[in-house]
Structure formats: C-alpha cells, structure tokens
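Good morning, everyone, and thank you for making time for this. I would like to walk you slowly through one structure, so please have the sequence and the picture open as I speak.

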Amino acid sequence: MCPDCFLNEFTQFESEKSFEEFMEIMKSKKSIIHIGEVPDDYGKPVLSLFGFHLYGSKTKRGYSVFKCQSCSQKWKLDAPDYAWRGFFLKLEEGPAGSVI
Ligand SMILES: [Zn+2]
C-alpha cells in the first residue's frame, strides 16, 4: 500500500461537508497531482418546452484525473453536484493504456 495515496475509495460523498474534508486531505497529499480531465458526454436535446431545453441524461460523466507520483496509481474524481454524490475511485488502465 502506497503511503502517499488515499487508503480508501469513495463511491460517493455523503454530504457537502464530507467532500470539503476530502479536499482538505487531497491538498495535503503533495504526491497526488492533477493530470487531466475527461469531459462530459451530453445527450442530444430531447424536448423543447416553454423555451427551456431539456437534455437527455448524460451517457458518461466527466471526471478529473489525478496521479500519485510515488506509485503511479491514477485516481478519478467527480465532485458532488446537487443530487449527484460524486466519487473518488482508482482509475484502472484500459487496454493499451487507453484510459484518459
Ligand atoms: Zn501512491
């Protein structure tokens, strides 16, 4: 286990406060650096109603990618957003390192 990484994955953040506490820990971990972004993939507009455009659900959520400089473990972070509770998970490399 790498001492510079997070010991636990967060499948969701229980509250705004838990996310703030997480970010404090993140800031204190100097070995973990931000290396990129994977953008959202929005669905096409499905309905126009009273001038508002309602969008279909995203097929893929965007996330930020971080990397531990000590052990090269990559992590993906998505911040909470209203009902969405976010996550912080290990990012496993895809075939031929295609992830990110
Ligand atoms: Zn590490």
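Let me begin towards the start of the chain, with phenylalanine 6, which lies in the segment before helix 1, the helix that covers residues 16-28. Before going further I should say that what you see is a predicted model, so I will come back to the question of confidence before I finish.

Is phenylalanine 6 buried, partly exposed or exposed? It has 19 other C-beta atoms within 10 Å, and because a residue needs 20 or more to count as buried, phenylalanine 6 is classed as partly exposed. If you look for tryptophan 75, you will find that it is 69 residues away from phenylalanine 6 along the chain, and yet the two C-alpha atoms are separated by 9.4 Å.

Now let us step back to the whole protein, which has one helix and six strands, and which follows the pattern α-β-β-β-β-β-β when you read along the sequence. Of its 100 residues, 9% count as buried. Among the contacts between residues at least 6 apart in sequence, 51% join residues that are at least 24 apart.

The helix comes next. Helix 1 has 13 residues and reaches 19 Å from its first C-alpha to its last, which is close to the 18 Å expected at 1.5 Å a residue. How many of the residues of helix 1 are buried? The number is zero, so helix 1 lies largely in the open. As a reminder for reading any such element, an α-helix has 3.6 residues a turn, so residues three or four places apart point the same way.

Let us turn to the sheet. Four strands form an open sheet in the order 1-4-5-6, with antiparallel pairing. The edge strands are strand 1, residues 32-38, and strand 6, residues 87-91, each of which pairs on one side only. From one strand to the next, the twist averages 30 degrees.

I will now cross that sheet one pair at a time, starting at strand 1. Strand 1 is joined to strand 4, residues 63-68, by six bridges, and the two run antiparallel. Within this pair, glutamate 37 stands opposite serine 64. Valine 38 is also found in strand 1, and its C-alpha is 6.2 Å from that of serine 64, although the two residues are 26 apart in sequence. Valine 38 has 16 C-beta neighbours inside 10 Å, and it therefore counts as partly exposed.

Moving on, strand 4 and strand 5, residues 74-78, are joined by four bridges and also run antiparallel. Here lysine 67 stands opposite lysine 74, while valine 65 stands opposite lysine 76. These two strands form a hairpin with five residues between them, and serine 72, which sits in the turn, has a positive phi of about 70 degrees.

Is strand 5 mostly covered or mostly open? Four of its five residues are buried, and strand 5 is thus mostly covered. On its other pairing, strand 5 is joined to strand 6 by five bridges, again antiparallel, and the partner of lysine 74 in strand 6 is leucine 91.

Between strand 5 and strand 6 there is a loop, and this is where you will find tryptophan 84. Because it has 12 other C-beta atoms within 10 Å, and 12 or fewer is the cut-off, tryptophan 84 counts as exposed. Its C-alpha is separated by 8.6 Å from that of glutamine 12, a residue 72 places away along the chain.

Finally, how far should we trust what we have just walked through? The protein averages a pLDDT of 80, and 73% of the residues score at least 70. Over residues 43-54, however, pLDDT stays under 50, and for that stretch the model has 14 contacts beyond four places in sequence. Where pLDDT is low, the predicted coordinates should not be read in detail. Thank you for listening.

Notes: Residues are numbered from 1 along each chain as its sequence is written. This is a predicted model: local features need pLDDT of at least 70, side-chain atom pairs count only at pLDDT 80 or more; totals for chains, interfaces and linings use all residues. Two strands pair if DSSP finds at least two bridges between them. Axes are lines fitted to C-alpha atoms, for helices over the stretch in contact, and angles run from 0 to 180 degrees between N-to-C directions. The expected span of a helix is 1.5 Å times one less than its number of residues. Two residues are in contact if their C-beta atoms, placed from the backbone, lie within 7 Å. pLDDT is the predictor's confidence in each residue, from 0 to 100.
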